[in-house]
Structures are given as structure tokens and as C-alpha cells.
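Colleague: I am new to reading models of this kind, and I would like to learn how the words that describe them are earned. Could you take my questions one at a time?

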Amino acid sequence: MAKAPVLTPRADDFPRWYQDLVAKAELADNGPVRGTMVIRPYGYGLWERMQQEMDVRIKDAGAQNAYFPLFIPQSYLTKEAEHVEGFAPELAVVTHGGGKELEEPVVVRPTSETIVNEYFSKWVQSYRDLPLLINQWANVVRWELRPRVFLRTTEFLWQEGHTAHANYEEARDYAARIHRNVYADFMENVLAMDVVPGRKTARERFAGAINTLTLEGMMGDGKALQLGTSHELGQNFAKAFHTRYLSREGRQEYVWQTSWGSTTRMVGALVMMHGDDDGLRVPPRLAPVQAVVIAVKGGPEVPAEVRAIGERLTGAGVRVEVDDRTDVPFGRRAVDWELKGVPVRIEVGPRDLENGTAVLVRRIPGTKEPVAARALAALLPGVLEDDQALLLAQSRRRREDRTAEATTIEEATEAAATGWARIPWAKLGPEGETGLAEQGMSVRCLVAADGTVPERDDQPGNVAIVARAY
């Protein structure tokens, strides 16, 4: 009889394949409260690497890390009408604490614009206090009706940036800088994810913003996933919370603001964009473990050689793990590392030891070849960079192959059933967008005719990207 596959094949049932992979690669488990998740060490290791890479970019953009409380007075959210309306269905509200009913209910943080502005209004007095650039790494709670681990969970981890500026132009340019230099750079150059940068329509815009910039990625099944957003908040929150400053000219002015965030959803995106029927494929620049050196079997000489190779690779700047557990069957260990998507496996057995070789298994292109063991330290950095580039190229090719040009709403609807569609915004418009929503589709973003991010919703030549989305 044919051996049953470790994972449900993607072509048979993509959602089941995703759930299988999250579990069997030991990324996460469902939590005890519906919609929550327990992130396991390997999954959290991926998130830690994402944090490290983004934190460097956020600080390069001038922002500093801070922390704001998890509990927010309910009255804060009611100060900005559009904001509270947008988040009301997702709020978790605490009414009792310490065995008593609270005088005022508190909301478990869904996002921090309101509480941040309460303090910005105290901290900003003069133009000398601007720009004020703050970021926090935190958890948030949004009561999710249709949870899926990493993609949509009641509690998730993220970073959220909040800034205040002296004028509209500075705030606009900073939101665009985060969108481009933090998120797009990180996603393409570290996650090896092909992303489409664009502008959200009014229907899809963040509650309380005047503009939302987004990065959209195509998953392995052709659906879209929003991977990061940067919002221009205008003066909406500044006016609600009286966040003003004394200008150089001696006038009291309201600040202009931005907020921006990315979440543990990116771990789910990593699975769905790069995974295959054998498991994860982790981009080398992201991977907590870039190479695992495995002792196939044998006496003490093989594990000793495996450890020596590991030391040489570590000296070459490669993140290495040594697997010398010869009491565990080799096949089982090889499958486990394949599921986890470690970019490179180096396998050493007794015959390899005799020949001075090792078997180099590259997870991303799926190749396997013998190489001189002493050449590995010089060879591997280049191999990892080649495989990083290959993964990005594959994700880009998928999007290009599964994106169709449409001239009518009917054509866009047909194309978006299995991939993405591009249709002139002038031919779709808000009415057409409403019709798409009734069929479970959405305008993921607007892009300019030349592929850049448009400055206005109604900019001539704008193209709408239409898709089903997670």
C-alpha cells in the first residue's frame, strides 16, 4: 500500500493542509478560549526573527519603543465616532474587577490610537516636541467570529506605531516611509514575499483614517492576505483628544498623525505563501536555523564530525543546529526538519565520513547532492542567498501567472474566483465594489497605472486589485 502523506495535499484541501502544517511543524496550538492560540517555540522563533528585523527598520525611521496599558477606559473609544463604530463588534469589555462592578467599563486593547492620544495631548505642547514617533510591541484583542490560527485570532501579537507631526505633508510622507522602508523592504528582502503596495479604498480604509496604505500578498491558493498597513489619521484623533501644539508663529495648531502595524499574521502568510506538500519553506534570511547538520547513523565518529561541521558553519556566520540523535530514526528526523522548512540539511553517515563528503539537501529548490565536507563553510552563504532569491522569484511568478487583466466587472469576478484581477477603478467604482462584496470579494488596493501607490482614490488611471481574501 502507498504510504499516507504526512500533510493533506494542498490541491485536495488547502485549509486542511494549512492546519496540518501549523500543527505538525510545531508552530502553534489552539488556546483554551475560542480564537486564542498558544505559539510554540519554533513558531515563536520565527516571530522573534520578524520582530528583530522590523525593529531595526522602525528605529532607523526614527521611532522609539514605548508601552501603553492593555486596559483602555471605554469613554476613550467613544471620542472618535468612526473609530468606535469600526471596532464595536470586535471589542472585549471588562465590567467587573476585584469582585466588584467597575465604575466605568474598560476595553481590552483592540488598538491604541485612543490611549496614545490621551498621552500625546499631555506630551506635545510646542512645535519643539514634534515629530513625536512612538512604537510598541504588544498584544491586542479583537473578538474574532471566524478564527484561524495566526491569520485571524481573538488575541494576537503585533507592533503598532503612532506618530504626531506639525503638518499634513510630514505625516503623509512618514506614513509612506514606514510603508516602503519598513514593511515593503522587510517583506521582500527578509520574508522573500512578493507584495503589491497600494492604497485602500474608502470602504476598506482603517476606521478613523483619511488614507490607508497596504501591502497585499498572494497565497498559494490564489487568495489575498493583507500583510501590513500604514495609516494617515489626519487630525481626527487630534481634535477628539485636543492634541495641539504652539507653532513657531505662536498659534495653537492640531497635530497631524499616523499609525501603522503588522502582526503575527505574517507567520501564517509565511506558511501559505511558501509552504508546499512537504511542509514549510523558510527564507534563509529569516530562518532561526539556516542549516541543520544531521548524523545519519554510526558510531561516535559520525556525531563528532557533525559537531565539527556545525562549528565551522557557525564560524562562517550561518545559524546552525546539530542533530546528533542517532537513537531517533533518521527518516523521522529528516521529515521533521523538512516540515519545519529549514533551508539546508547537511546529512553525514559512515560512508560520507570515509569519503570526506556530506549530502547537501536544499529545501527551497528541492535538490540533493554530495559535497566536500570541508567546502561547506565557504559554499553555504552563497547557497542561502541563491535560495532566498529563488523563493522571492517563485512568489512573484505565482502572482503574475494568476493575475488577469479585466475590462468588465464580470471578467474581474470570474478571475478573482481563482486568483486576482486587475480592473480600471473608473470601470468598477464604489458601486461595483459593493457588488463584489456581496459575492465574497473585495478591492484589496488601488495602484497607479505605472504600478506605484496613487496619491488619491480618484487619480486618473488607477487600477483596482480584486480578490478573495483571508
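Colleague: What makes the contact between the side chains of R49 and E53 a salt bridge?

Modeller: A salt bridge is a side-chain nitrogen of Lys or Arg within 4 Å of a carboxyl oxygen of Asp or Glu, and in this predicted model the N to O distance for R49 and E53 is 3.4 Å, so the pair meets the rule. R49 and E53 are four residues apart in helix α2 (residues 41-60), which means that about one helical turn separates them. By this rule the count comes to 28 salt bridges, and R49, E53, R57 and D185 are linked in a network of them.

Colleague: How were the residues numbered, and which parts of the prediction were trusted?

Modeller: Residues are numbered from 1 along each chain as its sequence is written, and side-chain values use heavy atoms, with hydrogens and water left out. Because this is a predicted model, local features need pLDDT of at least 70 and side-chain atom pairs count only at pLDDT 80 or more, while totals for chains, interfaces and linings use all residues.

Colleague: Why are α2 and helix α6 (residues 168-189) called roughly antiparallel?

Modeller: Axes are lines fitted to C-alpha atoms, for helices over the stretch in contact, and angles run from 0 to 180 degrees between N-to-C directions; helices are DSSP runs of H or I with at least four residues, strands are runs of E with at least two, and both are numbered from the N terminus. Angles under 35 degrees count as roughly parallel, over 145 as roughly antiparallel, 65 to 115 as roughly perpendicular and the rest as oblique. The axes of α2 and α6 lie 10 Å apart at an angle of about 155°, and α2 and α6 are therefore roughly antiparallel.

Colleague: Which residues of α2 and α6 meet?

Modeller: Contact means heavy atoms within 4.5 Å, and by that rule M50, E53, M54, R57, I58 and D60 in α2 meet R177, N181, V182, Y183, D185 and F186 in α6.

Colleague: Why are helix α9 (residues 301-315) and helix α12 (residues 376-401) called oblique instead?

Modeller: Their axes come within 9 Å and cross at roughly 55°, an angle that falls in none of the named ranges, and α9 and α12 are therefore oblique to each other. In this crossing, I309, R312 and L313 in α9 meet L376, A377 and L380 in α12.

Colleague: How do you know that D387 is buried?

Modeller: Buried means under 20% relative accessible area, exposed over 50%, and partly exposed in between (1.4 Å probe, protein chains only). D387 has a relative accessible area of 1%, so it counts as buried, and R362 at 17% counts as buried too. R362 and D387 also form a salt bridge, with the closest N and O atoms 2.5 Å apart; the pair links R362 in strand β18 (residues 357-362) to D387 in helix α12, 25 residues apart.

Colleague: What makes R444 and E216 a pair that ties together distant parts of the sequence?

Modeller: The closest N and O atoms of R444 and E216 are 3.1 Å apart, in a salt bridge. R444 lies in strand β22 (residues 442-447) and E216 in strand β10 (residues 211-218), so the pair ties together parts that are 228 residues apart in sequence. Both R444 and E216 are buried.
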